[in-house]
Amino acid sequence: MTGVLGAPRAGGNSGTTRVTNGITRLRLPLALWALTRVVLLLCVFKVVTVPGPDVTSDIEVIYQGWYEILRTGTYPLSDVTWQYPPGAALAILSPALLPFLGYSSAFFVLAFLCDAVVFGLLLYTGRRPGRALRGAWIWIAGVPLLGPTAYARYDLMVTAVAVTALLAAPRHPRVLGALAGFGAMLKVWPVLLLAGTPRGRATFRSWSTAAGAAAGLLLLCTLAAPGALAFLSFQRDRGTEVESLGALVFHVARHFGWEGEARMNYGSIEFLGPYVSTVSTAAMVLTVAAFGWLLLWRIRARSFTTATPADAAFVAVLLFTTTSRVISPQYMIWLVGLAAVCLAYRASRMRRPAHLVVWATAVTQFEFPVWFSHVTDSDPLGIALLVVRNGLLVAATLSACRILWRQTVVEPRLAVPALPVQADPDREKTMSAS
(Lines give C-alpha, C1' and ligand atoms only; values in the text may rest on other atoms or scores of the structure.)
Protein backbone atom coordinates (compact mmCIF):
# COMPACT_ATOMS: atom_id res chain seq x y z
CA MET A 1 0.00 0.00 0.00
CA THR A 2 1.06 3.60 -0.57
CA GLY A 3 0.53 6.80 1.35
CA VAL A 4 -1.26 9.94 0.17
CA LEU A 5 1.65 11.01 -2.02
CA GLY A 6 2.14 7.53 -3.47
CA ALA A 7 5.26 6.73 -1.42
CA PRO A 8 5.51 3.43 0.43
CA ARG A 9 4.57 3.57 4.05
CA ALA A 10 7.52 3.57 6.47
CA GLY A 11 6.16 0.60 8.38
CA GLY A 12 5.87 -1.46 5.23
CA ASN A 13 9.60 -1.71 4.77
CA SER A 14 10.65 -1.83 8.43
CA GLY A 15 10.56 -5.63 8.60
CA THR A 16 12.55 -5.98 5.38
CA THR A 17 15.07 -3.42 6.63
CA ARG A 18 15.57 -5.31 9.90
CA VAL A 19 16.12 -8.57 8.06
CA THR A 20 18.60 -6.94 5.67
CA ASN A 21 20.49 -5.30 8.54
CA GLY A 22 20.55 -8.62 10.38
CA ILE A 23 22.01 -10.45 7.39
CA THR A 24 24.61 -7.71 6.89
CA ARG A 25 25.55 -7.88 10.56
CA LEU A 26 26.10 -11.65 10.36
CA ARG A 27 28.03 -11.60 7.09
CA LEU A 28 31.42 -10.87 8.67
CA PRO A 29 31.29 -13.46 11.51
CA LEU A 30 30.04 -16.11 9.09
CA ALA A 31 32.84 -15.37 6.65
CA LEU A 32 35.53 -15.40 9.34
CA TRP A 33 34.22 -18.61 10.88
CA ALA A 34 34.20 -20.33 7.48
CA LEU A 35 37.69 -19.08 6.60
CA THR A 36 39.30 -20.16 9.87
CA ARG A 37 37.60 -23.56 9.79
CA VAL A 38 38.81 -24.23 6.27
CA VAL A 39 42.33 -23.59 7.54
CA LEU A 40 41.78 -26.02 10.42
CA LEU A 41 40.51 -28.71 8.06
CA LEU A 42 43.54 -28.20 5.81
CA CYS A 43 45.75 -28.71 8.87
CA VAL A 44 44.14 -31.90 10.15
CA PHE A 45 44.00 -33.37 6.64
CA LYS A 46 47.72 -32.52 6.34
CA VAL A 47 47.41 -30.25 3.35
CA VAL A 48 49.05 -27.61 5.57
CA THR A 49 51.72 -28.80 8.01
CA VAL A 50 52.02 -27.29 11.48
CA PRO A 51 55.52 -27.48 13.05
CA GLY A 52 56.05 -29.89 15.93
CA PRO A 53 54.54 -33.31 16.66
CA ASP A 54 51.70 -34.55 14.48
CA VAL A 55 48.64 -33.96 16.66
CA THR A 56 46.45 -36.11 14.42
CA SER A 57 48.44 -39.27 15.12
CA ASP A 58 46.41 -39.94 18.29
CA ILE A 59 43.29 -40.31 16.14
CA GLU A 60 44.96 -42.76 13.80
CA VAL A 61 46.69 -44.81 16.48
CA ILE A 62 45.00 -44.44 19.89
CA TYR A 63 41.38 -43.57 19.06
CA GLN A 64 41.15 -46.01 16.18
CA GLY A 65 42.73 -48.71 18.35
CA TRP A 66 40.07 -48.13 21.00
CA TYR A 67 37.45 -48.16 18.27
CA GLU A 68 38.48 -51.65 17.17
CA ILE A 69 38.41 -52.92 20.78
CA LEU A 70 35.04 -51.31 21.57
CA ARG A 71 33.52 -52.91 18.50
CA THR A 72 34.26 -56.32 20.02
CA GLY A 73 31.98 -55.51 22.98
CA THR A 74 34.50 -54.62 25.68
CA TYR A 75 36.31 -51.55 27.00
CA PRO A 76 40.14 -51.28 26.67
CA LEU A 77 40.81 -53.14 29.94
CA SER A 78 44.59 -53.43 29.48
CA ASP A 79 45.26 -49.95 28.09
CA VAL A 80 46.25 -47.46 30.81
CA THR A 81 45.67 -44.56 28.41
CA TRP A 82 41.92 -45.23 28.60
CA GLN A 83 41.16 -42.75 31.37
CA TYR A 84 37.67 -41.61 30.43
CA PRO A 85 34.15 -42.31 31.72
CA PRO A 86 32.27 -45.07 29.93
CA GLY A 87 30.21 -42.64 27.84
CA ALA A 88 33.39 -41.66 26.01
CA ALA A 89 32.90 -44.84 24.00
CA LEU A 90 30.11 -43.04 22.16
CA ALA A 91 32.54 -40.37 20.94
CA ILE A 92 35.15 -42.95 19.95
CA LEU A 93 32.56 -44.98 18.05
CA SER A 94 30.92 -41.93 16.43
CA PRO A 95 32.94 -42.09 13.16
CA ALA A 96 30.88 -45.20 12.35
CA LEU A 97 28.08 -42.72 11.52
CA LEU A 98 30.05 -41.87 8.36
CA PRO A 99 30.98 -45.33 7.03
CA PHE A 100 31.90 -43.93 3.60
CA LEU A 101 34.93 -42.17 5.16
CA GLY A 102 38.01 -43.52 6.88
CA TYR A 103 38.10 -43.35 10.65
CA SER A 104 40.28 -40.22 10.94
CA SER A 105 38.48 -38.36 8.15
CA ALA A 106 35.09 -39.14 9.67
CA PHE A 107 36.29 -37.97 13.09
CA PHE A 108 37.50 -34.64 11.70
CA VAL A 109 34.24 -34.07 9.83
CA LEU A 110 32.21 -34.77 12.99
CA ALA A 111 34.39 -32.36 14.97
CA PHE A 112 33.78 -29.74 12.30
CA LEU A 113 30.02 -30.31 12.49
CA CYS A 114 30.07 -29.93 16.29
CA ASP A 115 32.00 -26.70 15.83
CA ALA A 116 29.32 -25.49 13.40
CA VAL A 117 26.53 -26.38 15.84
CA VAL A 118 28.15 -24.38 18.65
CA PHE A 119 28.69 -21.41 16.36
CA GLY A 120 25.11 -21.56 15.14
CA LEU A 121 23.73 -21.68 18.69
CA LEU A 122 25.85 -18.70 19.74
CA LEU A 123 24.72 -16.71 16.70
CA TYR A 124 21.07 -17.53 17.35
CA THR A 125 21.36 -16.70 21.05
CA GLY A 126 23.31 -13.50 20.39
CA ARG A 127 20.41 -11.97 18.43
CA ARG A 128 17.83 -12.43 21.19
CA PRO A 129 16.90 -9.69 23.69
CA GLY A 130 19.39 -9.40 26.54
CA ARG A 131 22.01 -11.34 24.58
CA ALA A 132 25.04 -10.34 22.50
CA LEU A 133 27.15 -11.63 19.63
CA ARG A 134 30.31 -11.32 21.74
CA GLY A 135 30.07 -15.03 22.53
CA ALA A 136 30.12 -15.97 18.85
CA TRP A 137 33.23 -13.83 18.34
CA ILE A 138 35.01 -15.57 21.23
CA TRP A 139 34.24 -18.93 19.59
CA ILE A 140 35.36 -17.73 16.16
CA ALA A 141 38.74 -16.67 17.57
CA GLY A 142 39.36 -19.25 20.28
CA VAL A 143 39.01 -22.52 18.37
CA PRO A 144 41.50 -21.81 15.54
CA LEU A 145 43.98 -20.28 18.00
CA LEU A 146 44.39 -23.78 19.46
CA GLY A 147 45.32 -25.08 16.01
CA PRO A 148 44.65 -28.60 14.69
CA THR A 149 44.43 -29.95 18.26
CA ALA A 150 40.89 -28.55 18.35
CA TYR A 151 39.70 -31.07 15.74
CA ALA A 152 42.06 -33.87 16.74
CA ARG A 153 40.52 -34.60 20.16
CA TYR A 154 36.95 -35.43 21.15
CA ASP A 155 36.84 -32.53 23.63
CA LEU A 156 35.11 -30.32 21.07
CA MET A 157 32.22 -32.78 20.99
CA VAL A 158 31.92 -32.61 24.78
CA THR A 159 32.11 -28.82 24.68
CA ALA A 160 29.23 -28.76 22.19
CA VAL A 161 27.11 -30.67 24.72
CA ALA A 162 28.12 -28.24 27.50
CA VAL A 163 27.40 -25.11 25.45
CA THR A 164 23.97 -26.44 24.47
CA ALA A 165 23.20 -27.23 28.11
CA LEU A 166 24.12 -23.77 29.40
CA LEU A 167 22.25 -21.93 26.67
CA ALA A 168 19.13 -23.94 27.56
CA ALA A 169 19.56 -23.39 31.32
CA PRO A 170 17.48 -20.20 31.88
CA ARG A 171 14.28 -21.67 30.43
CA HIS A 172 14.81 -25.43 30.57
CA PRO A 173 16.57 -26.60 33.76
CA ARG A 174 15.76 -30.23 33.00
CA VAL A 175 17.52 -29.97 29.64
CA LEU A 176 20.52 -28.50 31.44
CA GLY A 177 20.48 -31.43 33.87
CA ALA A 178 20.07 -34.10 31.21
CA LEU A 179 22.92 -32.73 29.09
CA ALA A 180 25.16 -32.14 32.12
CA GLY A 181 24.64 -35.74 33.24
CA PHE A 182 25.26 -37.02 29.72
CA GLY A 183 28.36 -34.83 29.39
CA ALA A 184 29.71 -36.05 32.73
CA MET A 185 29.65 -39.58 31.35
CA LEU A 186 31.66 -38.34 28.37
CA LYS A 187 34.40 -36.52 30.29
CA VAL A 188 33.42 -35.75 33.93
CA TRP A 189 33.88 -31.96 33.88
CA PRO A 190 30.39 -31.08 32.49
CA VAL A 191 28.96 -31.96 35.91
CA LEU A 192 30.36 -28.55 36.95
CA LEU A 193 27.72 -26.90 34.75
CA LEU A 194 25.31 -27.38 37.67
CA ALA A 195 27.34 -25.19 40.05
CA GLY A 196 25.37 -22.00 39.39
CA THR A 197 21.78 -23.15 39.06
CA PRO A 198 19.33 -20.87 40.96
CA ARG A 199 18.21 -22.19 44.32
CA GLY A 200 14.87 -23.89 44.64
CA ARG A 201 12.91 -25.63 41.93
CA ALA A 202 15.47 -25.01 39.15
CA THR A 203 18.25 -26.66 41.16
CA PHE A 204 16.09 -29.62 42.14
CA ARG A 205 14.96 -30.21 38.57
CA SER A 206 18.38 -29.86 36.97
CA TRP A 207 20.37 -31.80 39.61
CA SER A 208 17.89 -34.67 39.85
CA THR A 209 17.68 -34.96 36.06
CA ALA A 210 21.48 -34.92 35.82
CA ALA A 211 21.78 -37.69 38.41
CA GLY A 212 19.18 -39.77 36.61
CA ALA A 213 20.76 -39.27 33.18
CA ALA A 214 24.26 -40.08 34.42
CA ALA A 215 23.11 -43.13 36.40
CA GLY A 216 21.07 -44.43 33.48
CA LEU A 217 23.92 -44.09 30.99
CA LEU A 218 26.40 -45.60 33.45
CA LEU A 219 24.13 -48.59 34.03
CA LEU A 220 23.61 -49.03 30.31
CA CYS A 221 27.36 -48.93 29.59
CA THR A 222 28.13 -51.31 32.47
CA LEU A 223 25.61 -53.84 31.23
CA ALA A 224 26.65 -53.45 27.59
CA ALA A 225 30.38 -54.13 27.99
CA PRO A 226 32.84 -55.20 30.71
CA GLY A 227 35.42 -52.73 31.97
CA ALA A 228 33.22 -49.63 32.04
CA LEU A 229 34.81 -48.46 35.32
CA ALA A 230 38.41 -49.40 34.53
CA PHE A 231 39.21 -45.73 33.92
CA LEU A 232 39.05 -44.97 37.65
CA SER A 233 42.28 -46.80 38.54
CA PHE A 234 44.09 -45.52 35.44
CA GLN A 235 43.19 -41.91 36.22
CA ARG A 236 44.13 -42.27 39.91
CA ASP A 237 47.72 -43.28 39.13
CA ARG A 238 48.55 -40.29 36.92
CA GLY A 239 51.41 -38.00 37.96
CA THR A 240 52.38 -34.39 37.22
CA GLU A 241 52.14 -33.67 33.51
CA VAL A 242 54.84 -31.38 32.06
CA GLU A 243 52.37 -28.64 31.04
CA SER A 244 50.62 -28.29 34.41
CA LEU A 245 51.06 -25.49 36.91
CA GLY A 246 52.87 -27.74 39.39
CA ALA A 247 55.27 -28.93 36.68
CA LEU A 248 56.93 -25.52 36.68
CA VAL A 249 58.65 -26.58 39.93
CA PHE A 250 60.47 -29.39 38.13
CA HIS A 251 61.17 -27.40 34.97
CA VAL A 252 63.14 -24.97 37.11
CA ALA A 253 64.57 -27.69 39.39
CA ARG A 254 66.15 -29.46 36.40
CA HIS A 255 68.51 -26.49 36.08
CA PHE A 256 69.63 -27.00 39.69
CA GLY A 257 70.46 -30.69 39.53
CA TRP A 258 67.09 -32.37 40.08
CA GLU A 259 67.51 -36.04 39.19
CA GLY A 260 64.11 -36.76 37.69
CA GLU A 261 63.09 -37.03 34.06
CA ALA A 262 60.23 -36.26 31.70
CA ARG A 263 58.90 -39.20 29.71
CA MET A 264 55.72 -40.83 28.43
CA ASN A 265 53.60 -42.17 31.27
CA TYR A 266 49.85 -42.95 31.28
CA GLY A 267 49.39 -41.44 27.84
CA SER A 268 51.19 -38.10 28.31
CA ILE A 269 54.64 -36.69 29.07
CA GLU A 270 54.95 -36.59 32.85
CA PHE A 271 57.71 -35.85 35.32
CA LEU A 272 59.01 -38.90 37.16
CA GLY A 273 61.44 -38.73 40.05
CA PRO A 274 61.94 -37.35 43.56
CA TYR A 275 59.19 -35.16 45.05
CA VAL A 276 56.83 -35.65 42.09
CA SER A 277 54.28 -37.41 44.31
CA THR A 278 54.49 -34.51 46.77
CA VAL A 279 53.71 -31.94 44.09
CA SER A 280 50.91 -34.12 42.71
CA THR A 281 49.39 -34.35 46.20
CA ALA A 282 49.72 -30.59 46.63
CA ALA A 283 47.87 -30.08 43.35
CA MET A 284 45.01 -32.29 44.54
CA VAL A 285 44.87 -30.41 47.86
CA LEU A 286 44.72 -27.14 45.92
CA THR A 287 41.87 -28.54 43.82
CA VAL A 288 39.96 -29.52 46.97
CA ALA A 289 40.54 -26.04 48.41
CA ALA A 290 39.31 -24.45 45.19
CA PHE A 291 36.10 -26.44 45.28
CA GLY A 292 35.75 -25.57 48.96
CA TRP A 293 35.69 -21.93 47.87
CA LEU A 294 33.11 -22.82 45.21
CA LEU A 295 30.91 -24.46 47.86
CA LEU A 296 31.27 -21.40 50.10
CA TRP A 297 30.24 -19.19 47.18
CA ARG A 298 27.21 -21.37 46.56
CA ILE A 299 26.13 -20.97 50.20
CA ARG A 300 26.75 -17.22 50.35
CA ALA A 301 25.39 -16.20 46.94
CA ARG A 302 22.23 -14.10 47.20
CA SER A 303 21.53 -12.99 43.63
CA PHE A 304 21.22 -15.19 40.53
CA THR A 305 20.80 -13.58 37.09
CA THR A 306 20.27 -15.29 33.74
CA ALA A 307 24.05 -15.21 33.29
CA THR A 308 24.93 -16.73 36.67
CA PRO A 309 24.74 -20.42 35.62
CA ALA A 310 27.20 -19.76 32.78
CA ASP A 311 29.45 -17.55 34.92
CA ALA A 312 29.60 -20.09 37.75
CA ALA A 313 30.27 -22.97 35.34
CA PHE A 314 33.11 -20.95 33.78
CA VAL A 315 34.62 -20.26 37.20
CA ALA A 316 34.27 -23.90 38.30
CA VAL A 317 35.98 -25.28 35.19
CA LEU A 318 38.72 -22.65 35.45
CA LEU A 319 39.39 -23.78 39.02
CA PHE A 320 39.40 -27.43 37.96
CA THR A 321 41.72 -26.83 35.01
CA THR A 322 44.22 -24.49 36.62
CA THR A 323 44.79 -26.61 39.73
CA SER A 324 44.84 -29.96 37.92
CA ARG A 325 47.87 -32.25 37.76
CA VAL A 326 47.31 -32.33 34.01
CA ILE A 327 46.64 -29.37 31.69
CA SER A 328 46.38 -30.91 28.26
CA PRO A 329 46.12 -28.43 25.34
CA GLN A 330 42.61 -29.61 24.44
CA TYR A 331 41.35 -28.48 27.85
CA MET A 332 41.42 -24.95 26.48
CA ILE A 333 38.46 -25.82 24.24
CA TRP A 334 36.35 -26.29 27.38
CA LEU A 335 37.25 -22.82 28.62
CA VAL A 336 36.75 -21.15 25.24
CA GLY A 337 33.27 -22.68 24.94
CA LEU A 338 32.20 -21.61 28.43
CA ALA A 339 33.71 -18.14 27.98
CA ALA A 340 31.69 -17.80 24.77
CA VAL A 341 28.47 -18.69 26.59
CA CYS A 342 29.22 -16.15 29.33
CA LEU A 343 29.72 -13.31 26.86
CA ALA A 344 26.55 -14.27 25.01
CA TYR A 345 24.71 -12.77 28.01
CA ARG A 346 24.79 -8.99 28.39
CA ALA A 347 24.46 -9.39 32.16
CA SER A 348 27.76 -11.26 32.39
CA ARG A 349 30.85 -9.37 33.52
CA MET A 350 33.30 -12.11 32.53
CA ARG A 351 34.80 -10.18 29.61
CA ARG A 352 38.28 -9.82 31.12
CA PRO A 353 38.75 -13.48 32.17
CA ALA A 354 37.25 -14.59 28.84
CA HIS A 355 39.81 -12.54 26.94
CA LEU A 356 42.59 -13.89 29.16
CA VAL A 357 41.48 -17.42 28.26
CA VAL A 358 41.64 -16.57 24.55
CA TRP A 359 45.19 -15.26 24.97
CA ALA A 360 46.13 -18.38 26.93
CA THR A 361 44.73 -20.49 24.10
CA ALA A 362 46.90 -18.65 21.58
CA VAL A 363 50.03 -19.30 23.68
CA THR A 364 49.00 -22.96 24.07
CA GLN A 365 49.42 -23.63 20.35
CA PHE A 366 53.05 -22.47 20.56
CA GLU A 367 53.57 -24.56 23.69
CA PHE A 368 52.02 -27.57 21.91
CA PRO A 369 52.68 -28.59 19.23
CA VAL A 370 54.94 -25.90 17.73
CA TRP A 371 57.67 -25.72 20.40
CA PHE A 372 56.78 -28.74 22.51
CA SER A 373 60.37 -30.03 22.33
CA HIS A 374 61.47 -26.90 24.23
CA VAL A 375 58.87 -27.64 26.90
CA THR A 376 59.99 -31.25 27.38
CA ASP A 377 63.64 -30.10 27.49
CA SER A 378 62.82 -27.43 30.11
CA ASP A 379 64.89 -24.86 28.24
CA PRO A 380 64.33 -21.10 28.72
CA LEU A 381 61.87 -20.87 25.81
CA GLY A 382 59.82 -23.81 27.07
CA ILE A 383 59.71 -22.47 30.62
CA ALA A 384 58.75 -18.99 29.38
CA LEU A 385 55.86 -20.41 27.35
CA LEU A 386 54.51 -22.29 30.36
CA VAL A 387 54.94 -19.31 32.68
CA VAL A 388 52.95 -17.11 30.29
CA ARG A 389 50.23 -19.66 29.52
CA ASN A 390 49.74 -20.85 33.09
CA GLY A 391 50.10 -17.31 34.39
CA LEU A 392 47.24 -16.22 32.12
CA LEU A 393 45.13 -19.12 33.42
CA VAL A 394 45.83 -18.17 37.03
CA ALA A 395 44.98 -14.53 36.31
CA ALA A 396 41.77 -15.54 34.54
CA THR A 397 40.78 -17.80 37.44
CA LEU A 398 41.38 -15.20 40.14
CA SER A 399 39.66 -12.48 38.12
CA ALA A 400 36.62 -14.68 37.38
CA CYS A 401 36.29 -15.73 41.03
CA ARG A 402 36.44 -12.12 42.18
CA ILE A 403 33.81 -11.01 39.64
CA LEU A 404 31.44 -13.86 40.51
CA TRP A 405 31.76 -13.24 44.26
CA ARG A 406 31.29 -9.49 43.95
CA GLN A 407 28.27 -9.72 41.63
CA THR A 408 26.37 -12.39 43.54
CA VAL A 409 27.50 -11.98 47.16
CA VAL A 410 28.83 -8.47 47.85
CA GLU A 411 26.68 -6.22 45.65
CA PRO A 412 23.30 -7.76 46.65
CA ARG A 413 24.12 -7.12 50.30
CA LEU A 414 25.16 -3.53 49.64
CA ALA A 415 21.93 -2.99 47.73
CA VAL A 416 19.69 -3.94 50.69
CA PRO A 417 17.93 -0.71 51.77
CA ALA A 418 18.44 0.43 55.34
CA LEU A 419 15.52 -0.06 57.71
CA PRO A 420 13.58 3.16 58.53
CA VAL A 421 14.43 4.71 61.90
CA GLN A 422 11.69 4.05 64.45
CA ALA A 423 10.05 7.22 65.74
CA ASP A 424 10.03 8.01 69.46
CA PRO A 425 6.33 8.01 70.61
CA ASP A 426 6.98 10.31 73.63
CA ARG A 427 8.83 12.83 71.46
CA GLU A 428 5.98 12.80 68.90
CA LYS A 429 3.43 13.53 71.65
CA THR A 430 5.50 16.43 72.99
CA MET A 431 5.83 17.97 69.51
CA SER A 432 2.10 17.48 68.86
CA ALA A 433 1.17 19.25 72.14
CA SER A 434 3.47 22.16 71.48
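# A quick tour of a helix-rich chain's sheet, pockets and odd corners

Strands S2 (residues 261-265) and S3 run antiparallel to each other, paired over five bridges. That pairing sits in a predicted model, so treat everything below as a description of a prediction. The protein chain has 17 helices and three strands in total. Of its 434 residues, 51% count as buried.

**The sheet**

- The three strands make an open sheet in the order S1-S3-S2, and the pairing is antiparallel. S1 and S2 are the edge strands with a single partner each, so one side of each has no neighbour in the sheet.
- S1 is made of residues 240-241, and it pairs with S3 over two bridges in the antiparallel sense. If you want to find that pairing by eye, look for threonine 240, whose bridge partner in S3 is phenylalanine 271.
- On the S2 side, methionine 264 has isoleucine 269 as its bridge partner in S3.
- S2 and S3 also form a hairpin, with two residues between them. Tyrosine 266 is in that turn and has a positive phi of about 55°.
- How much of S3 is covered? Strand S3 spans residues 268-272, and four of its five residues are buried.

**Leucine 386 and its surroundings**

- You'll find leucine 386 in helix H16, which covers residues 380-414.
- Is leucine 386 buried or exposed? Its relative accessibility is 0%, so leucine 386 counts as buried, the limit for that label being under 20%.
- Setting aside residues up to four places away in sequence, leucine 386 touches Val242, Glu243, Leu248, His251, Glu367, Val375 and Gly391.
- Take valine 242 and leucine 386 as a pair: they are 144 residues apart in sequence, while their C-alpha atoms are 9.2 Å apart in space.
- For the chain as a whole, look at contacts between residues at least 6 apart in sequence: 76% of them join residues at least 24 apart.

**The largest pocket**

- The largest pocket holds about 1200 Å³ of space.
- Its lining has 44 residues, and the ones nearest the centre are Gln83, Arg238, Val326, Ser328 and Tyr331.
- Two or more lining residues come from each of helix H2 (57-70), helix H9 (231-236), S3, helix H11 (276-300) and helix H13 (331-343). H2 gives the most to this lining, with five residues.
- By type, the lining of the largest pocket splits into 24 nonpolar, 11 polar and nine charged residues.

**The second largest pocket**

- The second largest pocket has a volume of about 210 Å³.
- Among the residues lining the second largest pocket are Leu90, Leu110, Cys114, Met157, Phe182 and Leu186.
- The elements giving two or more residues to the lining of the second largest pocket are helix H3 (88-93), helix H4 (103-126), helix H6 (155-168) and helix H7 (173-187). Which one gives the most? That's H6, with four residues.
- The lining of the second largest pocket has nine nonpolar residues, two polar ones and no charged ones.

**Backbone oddities**

- The peptide bond from phenylalanine 368 to proline 369 is cis, with omega near 15°. Proline 369 belongs to helix H14, residues 351-370.
- Lysine 46 isn't a glycine, yet its phi is positive, near 65°. Lysine 46 sits in the loop between helix H1 (10-44) and H2. With 41% relative accessibility, lysine 46 counts as partly exposed.
- Valine 188 isn't a glycine either, and it has a positive phi of about 65°. Its place is the loop between H7 and helix H8 (201-224). Valine 188 counts as partly exposed because its relative accessibility is 41%, and the partly exposed class lies between the 20% and 50% limits.

**Cysteines**

- How many disulfides does a search of the whole structure find? Zero.
- Cysteine 43 is buried, as its relative accessible area is 13%.
- Cysteine 342 counts as buried too, at 0% relative accessibility.

Terms used
Residues are numbered from 1 along each chain as its sequence is written. This is a predicted model: local features need pLDDT of at least 70, side-chain atom pairs count only at pLDDT 80 or more; totals for chains, interfaces and linings use all residues. Side-chain values use heavy atoms; hydrogens and water are left out. Buried means under 20% relative accessible area, exposed over 50%, partly exposed in between (1.4 Å probe, protein chains only). Two strands pair if DSSP finds at least two bridges between them. Contact means heavy atoms within 4.5 Å. A disulfide is a pair of cysteine sulfur atoms within 2.5 Å. On a 1 Å grid over the protein atoms alone, a cavity is a set of points where a 1.4 Å probe fits but cannot get out, and a pocket is an open set with protein on both sides within 12 Å along at least five of seven lines; lining residues have an atom within 4 Å of a point. Grid points are joined across faces, edges and corners, and a volume is the space filled by probe spheres set on the points. Ala, Val, Leu, Ile, Met, Phe, Trp, Tyr, Cys and Pro count as nonpolar, Asp, Glu, Lys and Arg as charged, and the others, Gly among them, as polar.
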